[in-house]
Amino acid sequence: MNFNPLKEKGLPIEKQIRTWHDIAHRKYNKNDVNCYTRTRQILMNGIEIEAWNFKHNFARLTNHQDTLEFLAQTKRIEDAQQATVNWLAPCDQSVLETTLGYEQVAVDLTAWLAQNEPDPYVKETFDFGLLEDFDHLYRYAQWAYMVHGIMPDDIVQHQTDVMLGRPTQHHHNCNIARLRKHYDKNTATPQTKVNILTVLSGEQQTHNYYAEHGFEYGNEVLRETYAEIKDIEEEHVTMYESLIDPTESLYEKLLMHEFTEVCTYHNCMEDELDDDMRKIWEQFLDIEINHLNKAADLFKKYENRDPEEVIGETVVHPCHFESQKEYVSDVLNEEIDKRVIKHDFAYIKDLPDDWASYKVQEISGKDGSPTEQTISIIAEQRGKDIVCTDDKMKSKMPSLLERGLQEKGLAPDTVTVDEYKNIQKNQLK
Ligand SMILES: [Fe+2]
Ligand SMILES: [Fe+2]
Ligand SMILES: [Fe+2]
Ligand SMILES: [Fe+2]
(Lines give C-alpha, C1' and ligand atoms only; values in the text may rest on other atoms or scores of the structure.)
(Ligands and ions follow the chains in the order given, each with its own letter.)
Protein backbone atom coordinates (compact mmCIF):
# COMPACT_ATOMS: atom_id res chain seq x y z
CA MET A 1 0.00 0.00 0.00
CA ASN A 2 1.28 3.46 -0.89
CA PHE A 3 1.24 5.67 2.15
CA ASN A 4 3.15 8.92 2.50
CA PRO A 5 3.48 9.68 6.22
CA LEU A 6 4.63 13.24 5.52
CA LYS A 7 1.16 13.97 4.18
CA GLU A 8 -0.45 12.98 7.51
CA LYS A 9 -0.49 14.81 10.84
CA GLY A 10 -0.44 12.00 13.40
CA LEU A 11 -1.37 12.26 17.06
CA PRO A 12 -0.52 15.68 18.57
CA ILE A 13 2.28 15.55 21.13
CA GLU A 14 0.04 16.68 24.00
CA LYS A 15 -2.15 13.63 23.43
CA GLN A 16 0.77 11.19 23.54
CA ILE A 17 1.08 11.05 27.32
CA ARG A 18 -0.76 7.97 28.58
CA THR A 19 -1.88 6.58 31.96
CA TRP A 20 0.17 3.96 33.79
CA HIS A 21 -2.73 1.58 33.26
CA ASP A 22 -2.59 2.12 29.52
CA ILE A 23 1.21 1.83 29.47
CA ALA A 24 1.54 -1.36 31.51
CA HIS A 25 -1.60 -3.43 31.69
CA ARG A 26 -1.81 -5.38 28.45
CA LYS A 27 -0.20 -8.77 27.89
CA TYR A 28 -0.67 -11.70 25.56
CA ASN A 29 -1.29 -15.32 26.51
CA LYS A 30 1.84 -17.34 25.71
CA ASN A 31 -0.26 -20.41 24.87
CA ASP A 32 -2.54 -18.63 22.43
CA VAL A 33 -0.34 -16.04 20.82
CA ASN A 34 0.53 -16.43 17.15
CA CYS A 35 4.30 -16.81 16.81
CA TYR A 36 4.47 -13.84 14.44
CA THR A 37 2.54 -11.63 16.83
CA ARG A 38 5.27 -12.49 19.34
CA THR A 39 8.04 -11.73 16.81
CA ARG A 40 6.46 -8.34 16.09
CA GLN A 41 6.33 -7.62 19.81
CA ILE A 42 9.98 -8.60 20.25
CA LEU A 43 11.14 -6.58 17.26
CA MET A 44 9.19 -3.43 18.14
CA ASN A 45 10.72 -3.41 21.61
CA GLY A 46 14.12 -3.30 19.92
CA ILE A 47 12.98 -0.50 17.60
CA GLU A 48 11.80 1.60 20.55
CA ILE A 49 15.00 1.02 22.55
CA GLU A 50 17.07 2.20 19.57
CA ALA A 51 14.84 5.28 19.06
CA TRP A 52 15.11 6.23 22.74
CA ASN A 53 18.83 5.59 22.93
CA PHE A 54 19.59 7.54 19.76
CA LYS A 55 17.66 10.56 21.06
CA HIS A 56 19.63 10.61 24.31
CA ASN A 57 22.86 10.56 22.32
CA PHE A 58 21.63 13.33 20.04
CA ALA A 59 20.61 15.43 23.07
CA ARG A 60 24.17 15.20 24.40
CA LEU A 61 25.57 16.51 21.13
CA THR A 62 23.41 19.51 20.24
CA ASN A 63 22.87 23.03 21.50
CA HIS A 64 19.85 23.81 19.32
CA GLN A 65 17.10 24.71 21.77
CA ASP A 66 14.11 23.64 19.68
CA THR A 67 15.80 20.31 18.94
CA LEU A 68 16.53 19.75 22.62
CA GLU A 69 12.89 20.48 23.42
CA PHE A 70 11.64 18.04 20.77
CA LEU A 71 14.03 15.37 22.03
CA ALA A 72 13.09 15.98 25.67
CA GLN A 73 9.40 15.59 24.92
CA THR A 74 9.62 12.55 22.69
CA LYS A 75 12.28 10.53 24.59
CA ARG A 76 9.67 10.01 27.29
CA ILE A 77 7.11 8.94 24.69
CA GLU A 78 9.51 6.43 23.08
CA ASP A 79 10.26 5.11 26.56
CA ALA A 80 6.58 4.61 27.41
CA GLN A 81 6.01 2.89 24.05
CA GLN A 82 8.93 0.58 24.85
CA ALA A 83 7.36 -0.37 28.19
CA THR A 84 3.99 -1.11 26.59
CA VAL A 85 5.50 -3.23 23.85
CA ASN A 86 8.04 -5.15 25.92
CA TRP A 87 5.60 -5.76 28.75
CA LEU A 88 3.11 -7.35 26.40
CA ALA A 89 5.16 -10.47 27.13
CA PRO A 90 3.51 -12.37 30.00
CA CYS A 91 5.40 -13.02 33.24
CA ASP A 92 5.05 -16.80 32.84
CA GLN A 93 7.05 -16.83 29.60
CA SER A 94 10.47 -18.13 30.60
CA VAL A 95 13.74 -16.56 29.50
CA LEU A 96 14.47 -19.53 27.22
CA GLU A 97 11.01 -19.40 25.63
CA THR A 98 11.51 -15.70 24.97
CA THR A 99 14.98 -16.47 23.65
CA LEU A 100 13.56 -18.86 21.03
CA GLY A 101 11.27 -15.99 20.02
CA TYR A 102 14.26 -13.66 19.67
CA GLU A 103 16.10 -16.08 17.39
CA GLN A 104 12.95 -16.69 15.34
CA VAL A 105 12.80 -12.92 14.81
CA ALA A 106 16.42 -12.90 13.68
CA VAL A 107 15.99 -15.77 11.21
CA ASP A 108 12.67 -14.88 9.62
CA LEU A 109 13.17 -11.10 9.67
CA THR A 110 16.65 -11.26 8.15
CA ALA A 111 15.46 -13.69 5.47
CA TRP A 112 12.62 -11.32 4.56
CA LEU A 113 14.99 -8.35 4.43
CA ALA A 114 17.52 -10.23 2.30
CA GLN A 115 14.85 -10.95 -0.31
CA ASN A 116 13.68 -7.32 -0.32
CA GLU A 117 17.06 -5.64 -0.30
CA PRO A 118 17.96 -3.74 -3.47
CA ASP A 119 21.71 -3.47 -2.68
CA PRO A 120 23.42 -6.84 -3.38
CA TYR A 121 26.31 -6.09 -1.00
CA VAL A 122 23.88 -5.45 1.87
CA LYS A 123 21.84 -8.52 0.90
CA GLU A 124 24.95 -10.69 1.16
CA THR A 125 25.50 -9.42 4.70
CA PHE A 126 21.91 -10.27 5.65
CA ASP A 127 22.27 -13.79 4.24
CA PHE A 128 25.47 -14.27 6.17
CA GLY A 129 24.02 -13.09 9.48
CA LEU A 130 20.87 -15.14 9.20
CA LEU A 131 22.72 -18.47 9.15
CA GLU A 132 24.33 -17.63 12.47
CA ASP A 133 21.07 -16.83 14.23
CA PHE A 134 19.66 -19.99 12.67
CA ASP A 135 22.28 -22.03 14.52
CA HIS A 136 21.64 -20.11 17.77
CA LEU A 137 17.99 -21.15 17.59
CA TYR A 138 19.06 -24.80 17.36
CA ARG A 139 21.44 -24.57 20.34
CA TYR A 140 18.94 -22.75 22.59
CA ALA A 141 16.16 -25.17 21.60
CA GLN A 142 18.11 -27.97 23.30
CA TRP A 143 18.15 -26.03 26.56
CA ALA A 144 14.49 -25.02 26.35
CA TYR A 145 13.71 -28.74 26.27
CA MET A 146 16.19 -29.75 28.99
CA VAL A 147 15.24 -26.96 31.42
CA HIS A 148 11.54 -26.33 30.78
CA GLY A 149 10.39 -29.37 28.78
CA ILE A 150 9.47 -27.08 25.90
CA MET A 151 9.60 -28.30 22.32
CA PRO A 152 10.70 -25.55 19.90
CA ASP A 153 7.46 -25.81 17.93
CA ASP A 154 5.61 -24.65 21.07
CA ILE A 155 7.24 -21.32 20.28
CA VAL A 156 8.07 -21.26 16.56
CA GLN A 157 4.83 -23.08 15.67
CA HIS A 158 6.24 -25.03 12.68
CA GLN A 159 7.09 -21.82 10.81
CA THR A 160 10.87 -21.96 11.29
CA ASP A 161 13.17 -24.97 11.01
CA VAL A 162 15.27 -25.89 14.01
CA MET A 163 18.49 -27.62 13.00
CA LEU A 164 22.19 -26.93 12.89
CA GLY A 165 23.44 -24.01 10.84
CA ARG A 166 26.90 -22.52 10.58
CA PRO A 167 28.31 -23.86 13.87
CA THR A 168 28.16 -21.21 16.60
CA GLN A 169 31.74 -21.86 17.76
CA HIS A 170 32.90 -20.46 14.40
CA HIS A 171 30.97 -17.18 14.67
CA HIS A 172 33.64 -15.62 16.88
CA ASN A 173 35.78 -13.26 14.89
CA CYS A 174 38.34 -10.61 15.18
CA ASN A 175 35.74 -7.83 15.19
CA ILE A 176 37.67 -5.94 12.50
CA ALA A 177 36.65 -8.73 10.11
CA ARG A 178 33.01 -7.90 10.79
CA LEU A 179 33.37 -4.37 9.39
CA ARG A 180 31.50 -3.87 6.12
CA LYS A 181 31.74 -1.03 3.62
CA HIS A 182 29.04 1.53 4.30
CA TYR A 183 26.38 2.57 1.84
CA ASP A 184 26.51 6.01 0.24
CA LYS A 185 23.85 8.21 1.85
CA ASN A 186 23.28 10.02 -1.46
CA THR A 187 22.58 6.94 -3.56
CA ALA A 188 21.24 4.29 -1.13
CA THR A 189 17.48 3.79 -1.27
CA PRO A 190 15.21 4.46 1.72
CA GLN A 191 14.48 0.72 1.67
CA THR A 192 18.15 -0.13 2.25
CA LYS A 193 18.47 2.42 5.06
CA VAL A 194 15.31 1.23 6.82
CA ASN A 195 16.19 -2.44 6.34
CA ILE A 196 19.55 -1.97 8.04
CA LEU A 197 18.21 0.10 10.92
CA THR A 198 15.46 -2.48 11.50
CA VAL A 199 17.74 -5.50 11.69
CA LEU A 200 20.32 -3.54 13.68
CA SER A 201 17.71 -2.58 16.29
CA GLY A 202 16.63 -6.22 16.57
CA GLU A 203 20.18 -7.51 16.96
CA GLN A 204 21.10 -4.86 19.52
CA GLN A 205 18.09 -5.78 21.64
CA THR A 206 18.91 -9.49 21.29
CA HIS A 207 22.35 -8.74 22.65
CA ASN A 208 20.85 -6.72 25.49
CA TYR A 209 18.34 -9.43 26.35
CA TYR A 210 21.06 -12.09 26.66
CA ALA A 211 23.24 -9.67 28.63
CA GLU A 212 20.41 -8.96 31.07
CA HIS A 213 18.98 -12.47 31.44
CA GLY A 214 21.63 -15.10 30.63
CA PHE A 215 22.72 -15.24 34.26
CA GLU A 216 19.25 -16.16 35.49
CA TYR A 217 19.91 -19.85 35.01
CA GLY A 218 22.07 -21.75 37.48
CA ASN A 219 23.34 -24.37 35.02
CA GLU A 220 26.95 -23.57 34.28
CA VAL A 221 26.94 -24.66 30.62
CA LEU A 222 23.72 -22.77 29.94
CA ARG A 223 25.14 -19.59 31.48
CA GLU A 224 28.19 -19.98 29.28
CA THR A 225 25.98 -20.65 26.25
CA TYR A 226 24.30 -17.29 26.81
CA ALA A 227 27.72 -15.67 27.22
CA GLU A 228 28.96 -17.29 24.01
CA ILE A 229 25.95 -16.30 21.92
CA LYS A 230 25.72 -12.80 23.42
CA ASP A 231 29.25 -12.22 22.17
CA ILE A 232 28.10 -13.04 18.64
CA GLU A 233 25.14 -10.70 18.88
CA GLU A 234 27.70 -8.03 19.78
CA GLU A 235 29.50 -8.88 16.53
CA HIS A 236 26.20 -8.67 14.66
CA VAL A 237 25.63 -5.15 15.98
CA THR A 238 29.13 -4.19 14.82
CA MET A 239 28.53 -5.75 11.41
CA TYR A 240 25.15 -4.20 10.69
CA GLU A 241 25.94 -0.73 12.03
CA SER A 242 29.06 -0.56 9.87
CA LEU A 243 26.79 -0.65 6.78
CA ILE A 244 25.37 2.79 7.68
CA ASP A 245 26.96 5.88 6.14
CA PRO A 246 28.67 7.60 9.10
CA THR A 247 28.60 10.97 7.31
CA GLU A 248 24.82 11.25 7.65
CA SER A 249 24.12 14.23 9.88
CA LEU A 250 22.37 13.81 13.21
CA TYR A 251 19.24 15.38 11.69
CA GLU A 252 19.33 12.91 8.82
CA LYS A 253 19.73 10.08 11.32
CA LEU A 254 16.85 11.44 13.39
CA LEU A 255 14.68 11.46 10.29
CA MET A 256 15.68 7.86 9.51
CA HIS A 257 14.91 6.70 13.03
CA GLU A 258 11.41 8.18 13.02
CA PHE A 259 10.80 6.92 9.48
CA THR A 260 11.88 3.42 10.52
CA GLU A 261 9.44 3.54 13.43
CA VAL A 262 6.67 4.64 11.07
CA CYS A 263 7.45 1.88 8.55
CA THR A 264 7.74 -0.90 11.12
CA TYR A 265 4.52 0.04 12.94
CA HIS A 266 2.73 0.42 9.63
CA ASN A 267 3.94 -3.04 8.59
CA CYS A 268 2.88 -4.53 11.95
CA MET A 269 -0.55 -2.92 11.68
CA GLU A 270 -1.12 -4.29 8.19
CA ASP A 271 -0.04 -7.83 9.13
CA GLU A 272 -1.48 -8.19 12.63
CA LEU A 273 -4.15 -10.85 13.16
CA ASP A 274 -4.92 -10.06 16.80
CA ASP A 275 -7.40 -7.18 17.17
CA ASP A 276 -6.06 -5.96 20.52
CA MET A 277 -2.50 -5.93 19.25
CA ARG A 278 -3.50 -4.17 16.03
CA LYS A 279 -4.96 -1.33 18.09
CA ILE A 280 -1.58 -0.80 19.75
CA TRP A 281 0.26 -0.78 16.42
CA GLU A 282 -2.28 1.73 15.03
CA GLN A 283 -2.01 4.03 18.03
CA PHE A 284 1.78 3.93 17.98
CA LEU A 285 1.89 4.52 14.22
CA ASP A 286 -0.14 7.67 14.82
CA ILE A 287 2.40 8.78 17.43
CA GLU A 288 5.34 8.11 15.12
CA ILE A 289 3.79 10.04 12.23
CA ASN A 290 3.77 13.06 14.50
CA HIS A 291 7.42 12.48 15.50
CA LEU A 292 8.41 12.06 11.86
CA ASN A 293 6.79 15.32 10.82
CA LYS A 294 8.54 17.20 13.63
CA ALA A 295 11.86 15.59 12.69
CA ALA A 296 11.20 16.59 9.06
CA ASP A 297 10.63 20.23 10.12
CA LEU A 298 13.93 20.26 12.03
CA PHE A 299 15.70 18.65 9.06
CA LYS A 300 14.34 21.35 6.73
CA LYS A 301 15.31 24.12 9.11
CA TYR A 302 18.87 23.00 9.90
CA GLU A 303 19.83 21.21 6.69
CA ASN A 304 17.83 23.28 4.25
CA ARG A 305 16.87 20.13 2.35
CA ASP A 306 13.70 18.32 1.41
CA PRO A 307 13.10 15.28 3.71
CA GLU A 308 11.64 13.33 0.80
CA GLU A 309 15.14 13.27 -0.70
CA VAL A 310 16.05 11.00 2.21
CA ILE A 311 12.95 8.98 2.99
CA GLY A 312 11.10 9.03 -0.32
CA GLU A 313 7.36 9.45 -0.74
CA THR A 314 6.02 6.18 0.64
CA VAL A 315 6.57 3.73 3.47
CA VAL A 316 8.57 0.55 2.93
CA HIS A 317 7.83 -2.87 4.45
CA PRO A 318 10.78 -3.84 6.62
CA CYS A 319 9.27 -6.45 8.92
CA HIS A 320 6.82 -8.77 7.23
CA PHE A 321 6.94 -12.14 8.99
CA GLU A 322 6.16 -15.41 7.23
CA SER A 323 7.74 -18.84 7.04
CA GLN A 324 11.13 -18.68 5.33
CA LYS A 325 12.10 -22.36 5.51
CA GLU A 326 12.84 -22.74 1.82
CA TYR A 327 14.89 -19.56 1.54
CA VAL A 328 16.88 -20.35 4.68
CA SER A 329 17.66 -23.90 3.55
CA ASP A 330 18.90 -22.55 0.20
CA VAL A 331 21.23 -20.12 1.96
CA LEU A 332 22.36 -22.89 4.29
CA ASN A 333 23.24 -25.15 1.38
CA GLU A 334 25.18 -22.35 -0.30
CA GLU A 335 26.91 -20.65 2.59
CA ILE A 336 27.46 -22.85 5.63
CA ASP A 337 31.21 -22.69 4.97
CA LYS A 338 31.32 -18.92 4.41
CA ARG A 339 33.31 -16.67 6.74
CA VAL A 340 33.91 -12.92 7.19
CA ILE A 341 37.01 -11.06 6.16
CA LYS A 342 37.22 -7.26 6.34
CA HIS A 343 34.71 -5.70 3.93
CA ASP A 344 34.14 -9.08 2.27
CA PHE A 345 33.49 -12.79 2.69
CA ALA A 346 35.52 -15.92 1.91
CA TYR A 347 34.92 -19.66 2.02
CA ILE A 348 36.90 -21.74 4.54
CA LYS A 349 39.10 -23.26 1.83
CA ASP A 350 40.24 -19.78 0.74
CA LEU A 351 41.01 -18.35 4.19
CA PRO A 352 44.65 -17.40 4.77
CA ASP A 353 46.49 -19.29 7.53
CA ASP A 354 46.80 -16.06 9.45
CA TRP A 355 43.06 -15.23 9.31
CA ALA A 356 42.78 -13.09 12.45
CA SER A 357 39.59 -14.84 13.64
CA TYR A 358 41.46 -18.15 14.10
CA LYS A 359 43.38 -16.56 16.97
CA VAL A 360 40.16 -15.30 18.61
CA GLN A 361 38.55 -18.74 18.29
CA GLU A 362 41.62 -20.54 19.62
CA ILE A 363 41.79 -18.31 22.70
CA SER A 364 38.07 -18.09 23.52
CA GLY A 365 37.45 -21.78 22.79
CA LYS A 366 40.57 -23.09 24.54
CA ASP A 367 38.55 -24.70 27.38
CA GLY A 368 35.75 -25.77 25.09
CA SER A 369 32.69 -24.32 23.44
CA PRO A 370 29.46 -24.29 25.50
CA THR A 371 27.34 -24.49 22.34
CA GLU A 372 29.16 -27.71 21.37
CA GLN A 373 28.75 -29.09 24.91
CA THR A 374 25.03 -28.35 24.59
CA ILE A 375 24.72 -30.99 21.88
CA SER A 376 26.80 -33.58 23.78
CA ILE A 377 24.67 -33.03 26.89
CA ILE A 378 21.33 -33.47 25.18
CA ALA A 379 22.63 -36.52 23.32
CA GLU A 380 23.63 -38.01 26.65
CA GLN A 381 20.36 -37.12 28.39
CA ARG A 382 17.87 -37.82 25.62
CA GLY A 383 19.81 -39.96 23.16
CA LYS A 384 19.34 -37.44 20.36
CA ASP A 385 19.27 -33.73 19.73
CA ILE A 386 16.11 -31.73 19.09
CA VAL A 387 15.59 -31.08 15.40
CA CYS A 388 12.49 -29.79 13.64
CA THR A 389 12.79 -30.04 9.87
CA ASP A 390 11.80 -32.37 7.05
CA ASP A 391 13.56 -35.66 6.30
CA LYS A 392 15.38 -34.19 3.29
CA MET A 393 17.11 -31.59 5.45
CA LYS A 394 17.75 -34.15 8.20
CA SER A 395 19.56 -36.38 5.75
CA LYS A 396 21.78 -33.48 4.72
CA MET A 397 22.84 -32.57 8.24
CA PRO A 398 26.06 -34.64 8.54
CA SER A 399 27.37 -33.37 5.23
CA LEU A 400 26.40 -29.81 6.12
CA LEU A 401 28.24 -30.17 9.42
CA GLU A 402 31.28 -31.50 7.61
CA ARG A 403 31.33 -28.43 5.39
CA GLY A 404 30.56 -26.05 8.27
CA LEU A 405 33.35 -27.15 10.61
CA GLN A 406 36.81 -25.65 10.23
CA GLU A 407 39.99 -27.62 10.77
CA LYS A 408 41.67 -24.70 12.50
CA GLY A 409 40.15 -22.86 15.46
CA LEU A 410 38.18 -25.92 16.50
CA ALA A 411 37.13 -26.25 20.17
CA PRO A 412 38.52 -29.40 21.88
CA ASP A 413 35.01 -30.64 22.75
CA THR A 414 33.59 -30.25 19.24
CA VAL A 415 30.90 -32.79 18.29
CA THR A 416 32.59 -34.42 15.30
CA VAL A 417 30.79 -35.48 12.15
CA ASP A 418 31.08 -39.15 13.17
CA GLU A 419 29.73 -38.40 16.63
CA TYR A 420 26.90 -36.47 15.06
CA LYS A 421 26.05 -39.36 12.75
CA ASN A 422 25.67 -41.53 15.86
CA ILE A 423 23.40 -38.98 17.52
CA GLN A 424 21.39 -38.80 14.36
CA LYS A 425 20.75 -42.55 14.22
CA ASN A 426 18.36 -42.06 17.13
CA GLN A 427 17.01 -38.90 15.57
CA LEU A 428 15.93 -40.73 12.44
CA LYS A 429 14.27 -43.66 14.26
FE1 LIG B 1 8.58 5.16 19.26
FE1 LIG C 1 21.33 -15.00 17.45
FE1 LIG D 1 22.09 -12.14 15.75
FE1 LIG E 1 9.44 8.10 17.49
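**Exercise 1.** In this predicted model, is α4 largely enclosed by the rest of the structure, or not?

*Solution.* Start by counting: 18 of the 21 residues of α4 are buried. That makes the helix largely enclosed by the rest of the structure.

**Exercise 2.** Take α4 again, residues 95–115, and check its length against what a helix should span.

*Solution.* At 1.5 Å a residue, its 21 residues should cover 30 Å. Now look at the end C-alpha atoms: they sit 30 Å apart, so the two figures agree.

**Exercise 3.** Work out how α5 (residues 120–148) and α9 (residues 220–241) run relative to each other, and what they touch with.

*Solution.* First the geometry: the pair packs at an angle of about 165°, with axes 11 Å apart. Angles over 145 degrees count as roughly antiparallel, so that is the label for α5 and α9. Their crossing is left-handed. Next, the contact: α5 brings T125, G129, E132, H136, R139 and W143, while α9 offers L222, T225, I229, I232, H236 and M239. Sorted by class, that gives five nonpolar, five polar and two charged residues. As for the spacing, residues three or four places apart in an α-helix point the same way, because there are 3.6 residues a turn.

**Exercise 4.** Do the same for α3 (residues 65–86) and α11 (residues 275–303).

*Solution.* Here the angle is about 160° and the axes are 12 Å apart. α3 and α11 are therefore roughly antiparallel to each other, with a left-handed crossing. From α3 come T67, F70, T74, I77, Q81 and T84; from α11, I280, F284, I287, H291, K294 and L298. The tally is six nonpolar, five polar and one charged.

How values were computed:
Residues are numbered from 1 along each chain as its sequence is written. Chains are lettered from A and ligands numbered from 1 in the order in which they are written. This is a predicted model: local features need pLDDT of at least 70, side-chain atom pairs count only at pLDDT 80 or more; totals for chains, interfaces and linings use all residues. Axes are lines fitted to C-alpha atoms, for helices over the stretch in contact, and angles run from 0 to 180 degrees between N-to-C directions. Helices (H or I, at least four residues) and strands (E, at least two) are DSSP runs, numbered from the N terminus. Angles under 35 degrees count as roughly parallel, over 145 as roughly antiparallel, 65 to 115 as roughly perpendicular and the rest as oblique. A crossing is left-handed if the near helix is turned anticlockwise from the far one by less than a right angle, and right-handed if clockwise. Two residues are in contact if their C-beta atoms, placed from the backbone, lie within 7 Å. Ala, Val, Leu, Ile, Met, Phe, Trp, Tyr, Cys and Pro count as nonpolar, Asp, Glu, Lys and Arg as charged, and the others, Gly among them, as polar. The expected span of a helix is 1.5 Å times one less than its number of residues. A residue is buried if 20 or more other C-beta atoms lie within 10 Å of its own, exposed if 12 or fewer, and partly exposed in between; C-beta atoms are placed from the backbone.
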